[in-house]
Structure formats: structure tokens, C-alpha cells
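Reader: I'd like to go through this one with you, labels and cut-offs included. Can we start with the charged pairs and then turn to the pocket?

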Amino acid sequence: MGYAYDDQNIFARILRGEIPNDTVLETEASLAFRDIAPQAPVHILVIPKGAYVSYDHFAADASDAEIADYTRAIGLVCRQEEIDLGTGGDGYRVISNAGAYGLQEVPHLHVHILGGRTLGPMLAR
Ligand code: 5GP
């Protein structure tokens, strides 16, 4: 077992500058950019710059500095988009899909930050 990272995945290519992206925040260890097919008025993807497939991979192998950077980057994006609760925003949802059952399309860890409207039930039934 273990984690097999495909360095040809689309987010790896974005990180290498091979594909353009609409960046909203870049930190030492993380990049946030707008989803190409937004499902809400705010739909931003946040990825670590390191080669991690999934949240569990990141949690197992990333350094404390990478984890702190990534966690804070997610919060900073919410603040920047004015959807955070600290400054009276209307809220948001953070989702990270993993693997077959999670219907993950791109095998590089990302969270979706969704907001700007009421998002409805958490899961379709
Ligand atoms: P997943 O299903 O893996 O959680 O979500 C992958 C997301 O990446 C989808 O929401 C999809 O719209 C987005 N996406 C796929 N290719 C690109 C791309 O080239 N650029 C950007 N900005 N988003 C992408």
C-alpha cells in the first residue's frame, strides 16, 4: 500500500506553471485559486504545494509547518472573500474529496471552499 502521487495531475501542472490559474492567495506552502467550473458564487480550491494525494496523506506525511501554513491559508481565503464568521460573513463549506467513494477527480490534495449562497443539504440523497 502507500500513496502513489501522479506528478502529471492537473494541479501539479498548475504548481509548475504549465497551466494558468486564477490565484487568490499564495503562501510559502499553499496555493489558492478559483475553480474552473464554480458551483457557487465563491468556489475556491486550496492546495498544498507539496506532493500529497489526499487529506490523510497530508496529515500523515506533511511537516508541522506545511500543515500550519495550509490550515491558515484556508482561513485567510475565507477572510479575503468576506465569508468568514470572524468579520460577520455569511459562512461557507469546506469539502475535500478523496478516492473512489469521495469521487475525487484530481489526485492532489485540495479543499473546496464554497460560499456566497445557501449551500443546501450536505449530501445529495
Ligand atoms: P474533485 O472532484 O477532485 O474534488 O474536484 C476537482 C475540481 O477541480 C473540480 O471542481 C474541477 O472543476 C476543478 N478543476 C479541474 N481542472 C481544473 C483546472 O484546470 N483549473 C481549475 N482552476 N480548476 C480545475
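Reader: What makes Glu26 and Lys49 a salt bridge?

Author: First, a caveat: this is a predicted model, where local features need pLDDT of at least 70, side-chain atom pairs count only at pLDDT 80 or more, and totals for chains, interfaces and linings use all residues. Residues are numbered from 1 along each chain as its sequence is written, and side-chain values use heavy atoms, with hydrogens and water left out. Now the pair: a salt bridge needs a side-chain nitrogen of Lys or Arg within 4 Å of a carboxyl oxygen of Asp or Glu. The side chains of Glu26 and Lys49 have N and O at 2.8 Å, so the pair fits that definition.

Reader: Why say that this pair ties parts together?

Author: Because Glu26 sits in strand S1 (residues 23–26) and Lys49 in the loop between strand S3 (42–48) and helix H2 (55–61), parts that are 23 residues apart in sequence. Helices (H or I, at least four residues) and strands (E, at least two) are DSSP runs, numbered from the N terminus.

Reader: Is Glu26 buried or exposed?

Author: Exposed, with a relative accessible area of 54%. The cut-offs are under 20% for buried and over 50% for exposed, with partly exposed in between (1.4 Å probe, protein chains only). Lys49, at 31%, is partly exposed.

Reader: How do you know that Glu81 and Arg34 form a salt bridge?

Author: Their closest N and O atoms are 3.1 Å apart. Glu81 is in the loop between helix H3 (64–80) and strand S4 (92–95), while Arg34 is in strand S2 (residues 30–34), 47 residues apart.

Reader: Why is Asp84 called buried?

Author: Because its relative accessibility is 7%. Its salt-bridge partner is Arg79 (2.9 Å, N to O), which is partly exposed at 47%.

Reader: How many salt bridges are there in the whole structure?

Author: Six. Arg13, Arg16 and Glu18 are linked in a network of them.

Reader: And the pocket: what is the volume of the largest one?

Author: About 810 Å³. On a 1 Å grid over the protein atoms alone, a pocket is an open set of points where a 1.4 Å probe fits, with protein on both sides within 12 Å along at least five of seven lines; lining residues have an atom within 4 Å of a point. Grid points are joined across faces, edges and corners, and the volume is the space filled by probe spheres set on the points.

Reader: Which residues are closest to its centre?

Author: Of the 32 lining residues, Asp35, Gln39, His43, Leu45 and His112.
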